[in-house]
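Work through the exercises below with the sequence and the model open. Each task is followed by a solution in steps.

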Amino acid sequence: MAGYVLAIDQGTTSSRAIVFDENMKIAGVGQKEFTQIFPKSGWVEHDPEEIWGSVVLTIRQAIRKAGIRASDIAAIGITNQRETVVVWERETGQAIHNAIVWQDRRTAGDCERMKGEGLETLFTEKTGLLLDPYFSGTKLSWLLKNVEGARSRAANGDLCFGTIDTYLIWRLTGGRSFVTDATNASRTLIYNIAQNRWDDDLLDILDIPAAMLPEVKDCADDFGVTDERLFGAAIPILGVAGDQQAATIGQACFEPGMIKSTYGTGCFAVLNTGSEIVPSKNRLLTTIAYRLDGETTYALEGSIFIAGAAVQWLRDGLGIIRKAEQTGQLADSADPEQAVYLVPAFTGLGAPHWDAEARGAIFGLTRNTGPAELSRAALEAVCYQTRDLLDAMHKDWQSDGRQTVLRVDGGMVASDWTMQRLADLLDAPVDRPTILETTALGAAWLAGSRAGVWSGRKEFARRWARQRCFEPQMDDDVREAKIRGWKDAVRRTLTGG
């Protein structure tokens with residue numbers, strides 16, 4: 001039997017494909033960056049064709065580097081940037097507009113209008129989400145309103161809507177499978193997470209025809225088979241989860257109370273709450289962590305829009321570093337007497353503030369502030385925001401009183417300096433796993449376990465291994481002073497602050 005599993009990790013700035021062998025070891029990797037399109041301030045788009053091309057390219061790269069054939073692959077798992085919207089023609093597969101990315105804020109006015117009409121409570125009760133441009137629903141509504149003839153074509157069944165997973169499955173299967181999974185559906189603002197179905201009331205409010213929506217499946221399920229002309233063999237697609245849920249699975253956070261935080265372009269902390277839907281009183285999101293064998297596990301999630309993107313800004317926007325890896329060294333050399341704070345609200349502030357109109361700010365600049373202090377401020381901003389999320393989580397859902405241990409993954413966790421500062425500011429241990437590719441691993445495990453290549457949840461959790469634990473070392477008074485400074489900086493940045 002074929003013993004390899006392929007994970008497609010379609011992210012915000014690049015697409016990757018990773019081949020895992022039967023022992024969950026990485027055998028081959030392909031990666032390709034693609035264009036970020038900014039038509040207006042606060043607008044972010046991607047070219048769906050470029051994303052599709054990058055996925056095909058990276059799959060072929062990964063297969064070649066693994067030294068295998070496509071027929072050696074037992075299954076494909078897909079994980080993807082969530083909330084990003086694509087609408088395409090059912091007949092041709094051609095997108096009617098660029099994809100509108102999760103970071104895009106063009107529907108902020110629509111969200112404010114609906115809030116003014118008292119509709120946010122209804123959306124939150126049904127979806128666990130807030131009325132914010134971040135989510136797919138208002139983006140889809142905007143496309144139907146602004147692309148000529150789109151709404152009538154959608155009502156006639158001529159157009160398909162999908163998040164990136166749905167779009168890729170459609171293309172990979174040659175248009176034979178029009179499906180998504182419960183985690184991606186739960187982020188659209190039109191999916192009832194308690195009833196596990198598209199919600200007619202919310203579709204009516206946003207004027208979205210049900211005819212354009214995909215079928216919703218479990219995370220480990222039969223999503224279709226790839227067109228054999230693409231890679232030389234027909235490969236079953238057996239696992240799908242949005243990137244943060246895939247990372248939660250990859251970190252083996254299967255028990256209520258377990259928390260993972262992923263540091264990529266943004267930062268996303270997820271707390272497993274088991275079978276319980278926990279409404280947040282602290283502006284967190286209630287969402288689906290995963291759905292397996294028809295049973296839904298829920299979570300509380302906090303979303304930070306800018307994490308690694310702040311480091312990219314230092315590199316590409318300011319030009320003060322050449323490589324992201326330099327920030328840790330610079331931060332370590334920063335003047336400890338300078339209290340410089342970066343509030344990276346480049347596209348608004350996410351949880352727990354949800355201020356779409358806030359914009360980035362730097363406080364505490366002096367004549368001696370330089371690249372080292374700015375690097376430290378950018379890295380610390382991620383740590384402060386994580387603390388804000390975990391504080392809100394503890395207020396919403398108390399575990400059995402054990403100390404929080406945070407499992408981390410994503411590109412930024414390779415920095416020892418950042419992870420130590422995170423532990424210091426959280427005043428809690430931070431566990432970095434042996435396998436840092438947890439998002440791809442989560443998607444691969446969904447597919448591999450479905451295919452019978454890998455074992456089930458208990459064995460997968462037992463195999464999770466920690467590479468290093470970062471213990472807090474910062475003096476309590478220093479920590480509290482730094483946190484007070486951060487809270488003051490955020491207050492000054494918030495709209496009306």
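**Exercise 1.** Which residues does Gly308 touch, not counting residues up to four places away in sequence?

Solution. Step 1: apply the contact criterion, heavy atoms within 4.5 Å. Step 2: with residues up to four places away left out, Gly308 touches Gly264, Thr265 and Met412. Step 3: place Gly308 in helix H11, residues 308-318; helices are DSSP runs of H or I with at least four residues, strands are runs of E with at least two, and both are numbered from the N terminus. Step 4: Gly308 has 11% relative accessibility and therefore counts as buried. The classes are buried under 20% relative accessible area, exposed over 50% and partly exposed in between, with a 1.4 Å probe and protein chains only.

The model is predicted: local features need pLDDT of at least 70, side-chain atom pairs count only at pLDDT 80 or more, and totals for chains, interfaces and linings use all residues. Residues are numbered from 1 along each chain as its sequence is written, and side-chain values use heavy atoms, with hydrogens and water left out.

**Exercise 2.** Where does UniProt place the feature "binding site" that includes Gly308, and is Gly411 buried or exposed?

Solution. Step 1: the unreviewed UniProt entry gives Thr12, Thr13, Ser14, Thr265, Gly308, Gln312 and Gly411. Step 2: these residues are spread over 400 residues of sequence but cluster in space, the largest C-alpha distance being 13.5 Å. UniProt annotations may be inferred rather than shown by experiment. Step 3: Gly411 sits in the loop between strand S20 (406-409) and helix H14 (416-426). Step 4: Gly411 counts as exposed because its relative accessibility is 64%.

**Exercise 3.** For the listing with Arg82, Glu83, Tyr134, Asp243 and Gln244, what surrounds Glu83 and Asp243?

Solution. Step 1: UniProt lists these five under "binding site", again from an unreviewed entry. Step 2: Glu83 is in the loop between strand S5 (73-80) and strand S6 (86-89), and is buried at a relative accessible area of 2%. Step 3: beyond four places in sequence, the residues that Glu83 touches include Tyr134, Lys139 and Arg187. Step 4: Asp243 lies in helix H10, residues 243-250, and is buried at 16% relative accessibility. Step 5: leaving aside neighbours within four places, Asp243 contacts Thr79, Asn80, Gln81, Arg82 and Thr439.

**Exercise 4.** How many helices and strands does the protein chain have, and what share of its residues is buried?

Solution. Step 1: the protein chain has 17 helices and 22 strands. Step 2: buried residues make up 62% of the 497.
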